[in-house]
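Please look over the sequence and the three-dimensional picture below before reading on. The report that follows is meant to be read with both in view.

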Amino acid sequence: VDSLGIDILIEMNGYTQHATPELVAHSNPPLRLSFLGFAHTLMSPFVDLLVTDSVATPTDLFQSPESALFFPSTFYLTNHASSFHSSHLSVASALPQVTKAQVGLREGSFVFASFNQPFKITPELFDVWMRILILVPDSQLWLLKLNEGEGAEDNLRARARSLGIDDWRLFFTGSAALE
């Protein structure tokens, strides 16, 4: 990396899958920063600056070897509003109103959700979620179905059934269209 003459090296994956923090650790550009892909401190002396906001990183709790550059408002949009150009939105109520029934969930149910990749769902974690469903009547667990999780839905449904959880209580969807 040093031989490339890079002035600012931006680390975007943190300690997530396929991340390569060792490249950042073993390089010496004038500025190394962490931004966007992993919105939290790496607690690392090899990152000079964390680019964040007070939503992702509460300023009163921030303690890290990195310095922090806080955006004045959030930079880490994770809601459906981020799919729209801001000129289309005058107020939050301009967002489309969607009912549970429209997406396939039961009206009147309480919905827990986890949109992690299937490999992050460990047997221990899934059993905790099933105990929560048992304790909360008429609740559902909404999970993301991704291509790399082939077989995950069948396996999770089988485990849920073995614990006495009805099929309707697990809800799987793929990614939604931007509109």
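What follows is a description of the chain as a whole, then of its strands and helices, and lastly of a few single residues.

The structure shown is a predicted model, and the values in this report are computed from it. The protein chain contains four helices and seven strands, and when it is read along the sequence these elements follow the pattern β-α-β-β-β-α-β-α-β-α-β. Of its 179 residues, 29% count as buried. The accessible surface of the protein chain comes to about 11,600 Å², and 57% of that area belongs to carbon and sulfur atoms. Among the contacts in the protein chain with a separation of 6 or more, 47% are accounted for by residues 24 or more positions apart.

**Strands 2, 3 and 4**

Strand 3 covers residues 49–53, and five of its five residues are buried, so this strand is largely enclosed by the rest of the structure. Its side chains can be followed one by one: Leu49, Val51 and Asp53 point one way from strand 3, whereas Leu50 and Thr52 point the other way, and all are buried. Strand 3 has pairing partners in strand 2 and in strand 4, and the table sets these two pairings beside the one between strand 5 and strand 6.

| Strand pair | Sense | Bridges |
|---|---|---|
| Strand 2 (residues 31–35) and strand 3 | parallel | three bridges |
| Strand 3 and strand 4 (residues 67–71) | parallel | five bridges |
| Strand 5 and strand 6 (residues 139–144) | parallel | five bridges |

Leu50 is a useful residue to find in the picture, since Ser34 stands opposite Leu50 in strand 3, while Leu50 in turn stands opposite Ala68 in strand 4.

**The sheet of strands 5, 6 and 7**

Three strands form an open sheet in the order 5-6-7, and their pairing is parallel. Strand 5 (110–114) and strand 7 (170–173) stand at the edges with a single partner strand each, and therefore one side of each is left without a neighbour in the sheet. From one strand to the next, the twist averages 25°. As an example of the pairing in this sheet, Ser114 has Leu143 in strand 6 as its bridge partner.

Two helices are placed against these strands. Helix 3 (residues 123–135) lies across strand 5, strand 6 and strand 7, and runs at about 150° to strand 6. Helix 4 (residues 152–162) packs on the sheet by touching strand 6 and strand 7, and its direction makes about 175° with that of strand 7.

**Single residues in loops and at the surface**

Most residues other than glycine have a negative phi. Against this background, Met43, which is not a glycine, has a positive phi of about 50°, and Met43 is found in the loop between strand 2 and strand 3. Asp138 is likewise not a glycine and has a positive phi of about 60°; Asp138 has its place in the loop between helix 3 and strand 6. Because its relative accessibility is 49%, Asp138 counts as partly exposed.

Which residues make the nonpolar surface patch of about 340 Å²? The patch is made by Val1, Leu4, Ile6 and Leu23. One of these residues, Ile6, is found in the segment before strand 1 (8–11), and Ile6 is partly exposed, with a relative accessible area of 30%.

Definitions and conventions. Residues are numbered from 1 along each chain as its sequence is written. This is a predicted model: local features need pLDDT of at least 70, side-chain atom pairs count only at pLDDT 80 or more; totals for chains, interfaces and linings use all residues. Side-chain values use heavy atoms; hydrogens and water are left out. Patches are made of residues with over 30% relative accessible area and no salt bridge: like charges are joined within 9 Å, nonpolar side chains (Val, Leu, Ile, Met, Phe, Trp, Tyr) within 5 Å. Accessible areas come from the Shrake-Rupley method with a 1.4 Å probe; for residues, only the protein chains shown count as cover. A salt bridge is a side-chain nitrogen of Lys or Arg within 4 Å of a carboxyl oxygen of Asp or Glu. Buried means under 20% relative accessible area, exposed over 50%, partly exposed in between (1.4 Å probe, protein chains only). Two strands pair if DSSP finds at least two bridges between them. Axes are lines fitted to C-alpha atoms, for helices over the stretch in contact, and angles run from 0 to 180 degrees between N-to-C directions. Contact means heavy atoms within 4.5 Å.
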